[in-house]
Amino acid sequence: MPHHIPVMPEIVSRYLAVKPGGVYADLTTGLGGHSRLIAEQLAAGGRLISRDRDAESLEIAKTNLGDRRERITFEKGEFSTLRQSLDQLGIEALDGILADCGVSFYQLTDAERGFSIMRPGPLDMRQDRSRELTAAMIVNFYSEREIAGIILRYGEERRAERVSRAIVRARPIHTTDRLATIVAGVLPRTSSIHPATRVFQALRIAVNGELDELEELMRVFPRCLKPGGRIVTISFHSLEDRIIKTAFQQLAKSGRATVLTKHVERPSEQEISGNPASRPAKLRALEMKP
Ligand SMILES: C[S@@+](CC[C@H](N)C(=O)[O-])C[C@H]1O[C@@H](n2cnc3c(N)ncnc32)[C@H](O)[C@@H]1O
């Protein structure tokens with residue numbers, strides 16, 4: 001079974017400060033790296049709800065965490081359904097929430113899922129494969145203006161119109177490598193990063209409604225935490241980080257919570273050299289007032 005190296009494990013543990021008898025939710029279980037970290041700190045009365053919207057990742061996580069199953073409830077679900085899910089499970093409030101946003105290494109490296117520029121695959125990019133909207137539908141059926149809007153807003157790509165025009169002219173486009181080639185044809189390579197990286201990010205964010213989901217989480221999490229309960233977030237691009245930072249600041253300003261990370265926490269150079277994918281990670285933590 002594939003595993004995943006959890007990002008910033010010590011810092012996550014320090015801010016989540018797991019109580020052995022507490023109730024926790026890992027909203028982004030992936031293959032279960034952070035869930036294991038939390039589950040290993042639980043004892044009698046302790047419980048972990050391990051959620052993800054990707055059913056396939058959850059299945060692997062169940063196997064990976066087989067030895068900890070007695071304290072873990074696995075559940076397929078999105079950020080936005082957290083409150084309903086707690087109600088259904090009969091949980092009034094949590095001691096802690098972890099959200100390690102974005103795409104998992106597993107999703108990125110499985111060519112079939114269509115997230116990777118480097119691996120030829122179908123233009124899919126859905127984290128929840130029971131949903132209808134795929135990257136291929138956006139690329140082949142949205143208008144040139146809509147596509148340019150997505151690339152500009154979610155990819156922060158200045159030359160969005162040029163890219164969108166090239167995409168529309170080349171339709172139909174069915175595979176990740178074809179899209180990457182078309183984009184590379186109109187964007188000069190300015191660094192070692194592939195020129196289509198921002199376009200792929202933009203499509204992924206649009207397909208999965210990532211920013212809307214995160215905004216919804218920022219609205220609901222205060223109603224899911226006990227007084228003194230904590231949330232720890234890890235984000236991988238500035239659009240996500242801005243949403244979290246603003247929401248945390250507003251809650252602190254209203255006197256309902258304390259921001260625990262005065263400055264954003266980042267992985268150490270040592271961690272980055274062992275796991276280069278962790279480089280952009282930014283961790284923030286907040287505690288509800290007792
Ligand atoms: C970076 S990975 C998490 C890796 C995990 N922490 C580990 O240690 O293995 C992010 C995961 O969150 C899931 N995810 C992202 N946004 C989500 C959302 N809005 N609702 C539910 N799951 C989401 C993805 O499907 C993916 O599996």
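The C-alpha centres of domain 1 and domain 2 lie 28 Å apart, and I would like to use that pair of domains as the thread of this talk, keeping in mind throughout that what we are looking at is a predicted model. The domain assignment gives domain 1 as residues 9-106 together with 211-288, and domain 2 as residues 111-208.

Let me start with how the two domains meet. On the side of domain 1 there are 14 residues in contact with domain 2, and domain 2 likewise contributes 14 residues. The size of an interface is often expressed as the accessible area lost when the parts come together. Here domain 1 and domain 2 bury about 1200 Å² between them, with 41% of that area on carbon and sulfur atoms. Within domain 1, the residues that lose the most area to domain 2 are R53, V103 and L239, which together account for 40% of what that side buries.

Turning to the polar side of this interface, six salt bridges are counted between domain 1 and domain 2, and the rule for polar contacts finds nine residue pairs across the interface, with both partners at pLDDT 80 or more. As for the elements involved, α11, residues 210-220, and α12, residues 238-253, each supply at least two residues of the side of domain 1 that touches domain 2, and α12 gives the most to that side, with three residues. Sorted by class, the side of domain 1 that touches domain 2 has four nonpolar, three polar and seven charged residues.

Which residue of helix α12 pairs with E156 in a salt bridge? The partner is R242, and the closest N and O atoms of R242 and E156 are 3.6 Å apart. R242 lies in helix α12 whereas E156 lies in the loop between α7 and α8, so this pair ties together parts that are 86 residues apart in sequence. Both side chains count as partly exposed, R242 at 46% relative accessibility and E156 at 35%.

The residue that follows in the numbering, E157, is also placed in the loop between α7 and α8, but E157 counts as buried because its relative accessibility is 3%, and the cut-off for buried is under 20%. Leaving aside the neighbours within four places in sequence, E157 is in contact with I151, L152, L187 and R198.

Now to helix α11, where E210, L211, E213, L214, L217, M218 and V220 are buried. The cover over these buried residues of α11 includes α4, β4, α7, α10, β5 and α12. In the same helix α11, E216 and R219 are three residues apart, about one turn of the helix, and they form a salt bridge with the closest N and O atoms 3.0 Å apart. E216 counts as partly exposed at 24% relative accessibility, while R219, at 53%, counts as exposed.

A further salt bridge sits in helix α4, where D87 and R83, being four residues apart, are separated by about one helical turn. Their closest N and O atoms are 2.8 Å apart, and R83, at 12% relative accessibility, counts as buried.

Finally, how many salt bridges does the rule count? The count comes to 25, and salt bridges that share partners join R53, K76, E78, D128 and R131 into one network. R53 is thus a residue to look at twice, since R53 is also one of the three residues of domain 1 that lose the most area to domain 2.

Conventions
Residues numbered from 1 in each chain as written. Predicted model: local features only at pLDDT ≥ 70, side-chain atom pairs only at ≥ 80, totals over all residues. Heavy atoms only, no water. Domains from an automatic or database assignment. Contact = heavy atoms within 4.5 Å. Buried area = accessible area lost by both parts, 1.4 Å probe. Salt bridge = Lys/Arg side-chain N within 4 Å of Asp/Glu carboxyl O. Polar contact = N/O pair within 3.5 Å; in protein donor to acceptor, adjacent residues only side chain to side chain. Nonpolar A, V, L, I, M, F, W, Y, C, P; charged D, E, K, R; others polar. Buried < 20%, exposed > 50% of the residue type's maximum accessible area, 1.4 Å probe, protein only.
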